[in-house]
Structure formats: C-alpha cells, structure tokens
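Student: I have a structure open and would like to practise reading it. Could we go through it together, one question at a time?

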Amino acid sequence: MKILITGGCGFIGSEVVRVALAHGHEVINLDLLTYAGNPDNVADVADDPRYSFIKGDIADPAIAATAVEGCEVVINLAAESHVDRSLHDPAAFIRTDVVGTATLIMASRAAGVRRFVQVSTDEVYGSIPTGAFTETDPLQPSSPYSASKAGGDLQALAIHHTFGYDIVITRGSNTYGPRQYPEKLIPLFITNALDGLPLPVYGDGQQIRDWIHVRDHAEGIWHAMEHGAAGAVYNVGGGNEWPNLEITGRILAHTGASHDLITYVADRPGHDRRYALDTARLRGLGWAPQVAFDEGLASTVEWYRGRRDWWEPIKSGEYADWYATNYAGRR
Ligand code: NAD
Ligand code: DAU
C-alpha cells in the first residue's frame, strides 16, 4: 500500500520510514526540514524506488491535500518535539502540533485515506508519582509542548467522534537510539561526554523517565497501525524507568568519561517528575519491546562515537546559537 509518513526526516519518523519499507510498502515522506529534520536520517533509503520525499508543512492545507492523495494510511510524526524549546516559543508548537495535526487529518478524510495514525506522547498525561498511566486516564499536560500534543490528540479524537473517521493514537515514552537530535538528554550527554564537555543535569537529577529504543517505538506505532481499533489510544512504553542521574552514570561508563563532567544546573521550569505507562493494551495485540536497555544504550553510544560527521555540524550551527541565546545564565 501507499503510506504517507510525516516527519520522516526526524528521529523516530525516519525509523518508521524504514519499518514501512521493510514491510514492502510505498512511502511518501512529507517533512518541512525544520532544525530537527535531517535528510541524512533517510539517506539509506533515498534511492529506493518505493520512497519519495516532499518538502512541506503539514499545517498548509494545499500541501497536505497533495501529499495524502492516493494514500491508504497516514502516520503523522511531524511535530515540534522539544520541551525546552516550547518554553521559549509555544506558538510554534501550537501551529504544528495542533493546527498541523487537524489540517492533515481533515485532508486525509477528504481524500478517502482509510486510516490516520497520530503519534503522540506519554507527556500528555502529565507527571505521576507512583503507578502507571492507562489510556483512559485524563490528560493533564504541564508544558507548552505536552499541551500542544494533547491538543493534537483531542482534535484527532473529536474528528473521530464527529465523523466516525478511522483514527488511532499512539502515546510513546522517552525514546533513545541513533539519529536523535543532540538537544535531548541521551544524545546531548553522549556527545558532550565524548568531547569532555559538562553534562548539565537539571535540578537534583532524580526525575524519572521510561526509556524505549527507537526501533521498539517504531514497531509499536506500526503494530497499532495494523492491529489497533478505530478511535483507540495505545501506550507504547519500554518499561525501563531510570532517574536521570542513573542514565548519566551509565553514559559516563560507556564513554569512559569522568564523573567530574556532571554539572548541576537550574531546573527546567515546570519540570515533570516522573512518567510511567501501562502498556497492557498494545501488548494484548501482540507487541512487546525487544531491545534490552543497556544493550540499546551501548549501541547508541557506539553510533554517536562513529558518526561525528552526523552530529558535529549540528552542534556547531543553529544549535549553538540557540543555546547561546536561550541558556545564557542557566548553565
Ligand atoms: P524530531 O524533532 O526528531 O522530528 C520531527 C520532524 O518533524 C523533523 O524532521 C521536522 O523537520 C518535522 N517537522 C516539524 N514541523 C513540521 C511541519 N510543520 N510539517 C512537516 N514536518 C515538520 O521528533 P521525534 O523525536 O522523532 O518525534 C516524532 C514524534 O514522536 C513527535 O510527534 C513527538 O511528539 C513524538 N514522540 C517523541 C518521543 C521522543 O522521545 N523523541 C517520545 C514520544 C513521542
Ligand atoms: O516522554 C516522551 C517525551 O520525551 C517526548 O514526547 C519528547 O518529544 C521528548 O523530547 C522527551 O521529553 P523529555 O523532556 O522527557 O526529554 P529530554 O531529553 O528533554 O529530557 C529528559 C530528562 O532529562 C528530563 O527530566 C530533563 C532532563 N535533562 C534534559 C536535558 C536536555 C537534563 O537534566 N539535562 C538536559 O540538558
């Protein structure tokens, strides 16, 4: 079948592109190539005759209408995805994550696309001190990023409710692996450790995240697309809960860098303390994560060690300017 994957030049989207091609499908990748979009992330499939690329914005109705034409399924991963950036520019997040999502869903429905998959996040549930969120728990987002993702989810559920349109939502946990933009905890700390630079731990470093390897997350999205029920939400979590300081220590061990690099900095405003997902619903459909955390982390460190050509240009360009502007005084 012909599938539109949006955000396919990003971290998780590029992995979903590979999964779709491996399953034998035709893939169109619609990506605006923001700071986070990198054509190198799909360089390995760019010459595949079943793969094509459109540079464009999911929030542009004309582009959305063109991109969905003739597709059986749309998987939407295009998003503004970084919490820290959302603290400085919430409107950019609302535009892509809410307006873009609704625009793409309406274009898909108008074009007769059979199923729309909205890729969302565990952050829409907010923070949870103990236990784990199920799909029926209320949405209590606490950052401009998670509020924009919750807005996208609510648009999707409302359009399903109003028109009976076939939409499935996945809510993934913190994802790690190759090709993740080095603004997020794991790739930032790996690349800093490899260069002997400080690892800026926010607050006390005891915040807990549930980590999932990008391959397992992509397979989870694919599984929900193939087997999920219309209008249903599926949590996609790795079941690897660790405090940030523990992750930091493991990165130092894998890179051989000194513990002296750990630098405590001011906490992220509004910082969620803990995320945790109950994944029984998707597991009930036959999905389960496959990558053991320590093996996944070790191979991720090796990927960054071998791909300085991928991350050094990123860390010396727009990225450096952004940090200089927005983090002055915080670190
Ligand atoms: P990313 O930031 O690496 O990539 C986002 C991609 O979307 C980029 O290629 C960018 O160019 C593209 N994009 C942004 N705005 C666009 C627009 N208006 N039109 C078209 N393309 C646009 O993000 P990621 O980490 O791969 O996340 C992908 C999805 O998964 C997001 O929806 C995110 O909310 C969700 N998610 C991410 C994680 C995580 O830990 N990274 C966990 C759970 C859910
Ligand atoms: O939970 C899923 C979400 O995970 C996704 O929806 C988001 O797209 C993704 O960015 C991620 O959000 P987090 O805010 O959890 O990820 P981040 O890598 O930014 O931070 C992980 C934890 O590490 C968090 O507690 C903040 C902390 N941190 C992060 C950075 C970048 C630090 O201590 N220092 C840092 O420099």
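Student: Which residue has a polar backbone atom 2.7 Å from a nitrogen atom of ligand 2?

Tutor: Good place to start, and keep in mind that this model is predicted. A polar contact needs N or O atoms within 3.5 Å. A nitrogen atom of ligand 2 meets that cut-off at 2.7 Å, and its partner is a polar backbone atom of Pro200.

Student: Which residue uses a polar side-chain atom to contact an oxygen atom of ligand 2?

Tutor: Leu185 also lies 2.7 Å from an oxygen atom of ligand 2, but through a polar backbone atom. The side-chain atom you want is 2.6 Å from an oxygen atom of the ligand, and it belongs to Asn174.

Student: How much of the accessible area of ligand 2 does the protein cover?

Tutor: On its own, ligand 2 has 690 Å² of accessible area. Helix H6 (185–194) and strand S8 (199–202) each give two or more residues to the shell around it. The share of that area covered by the protein is 95%.

Student: How many disulfides does the structure hold?

Tutor: A disulfide needs two cysteine sulfur atoms within 2.5 Å. For Cys9, the nearest cysteine sulfur is that of Cys71, 16 Å away. The number of disulfides is therefore not raised by this pair, and the total for the structure is zero.

Student: Is Cys9 buried or exposed?

Tutor: Buried means under 20% relative accessible area. Cys9 has 2% relative accessibility, so Cys9 counts as buried.

Terms used. Residues are numbered from 1 along each chain as its sequence is written. Chains are lettered from A and ligands numbered from 1 in the order in which they are written. This is a predicted model: local features need pLDDT of at least 70, side-chain atom pairs count only at pLDDT 80 or more; totals for chains, interfaces and linings use all residues. Side-chain values use heavy atoms; hydrogens and water are left out. Buried means under 20% relative accessible area, exposed over 50%, partly exposed in between (1.4 Å probe, protein chains only). A polar contact is a pair of N or O atoms within 3.5 Å; within protein, one must be able to donate a hydrogen and the other to accept it, and residues adjacent in sequence count only if both atoms are side-chain atoms. Accessible areas come from the Shrake-Rupley method with a 1.4 Å probe; for residues, only the protein chains shown count as cover. Helices (H or I, at least four residues) and strands (E, at least two) are DSSP runs, numbered from the N terminus.
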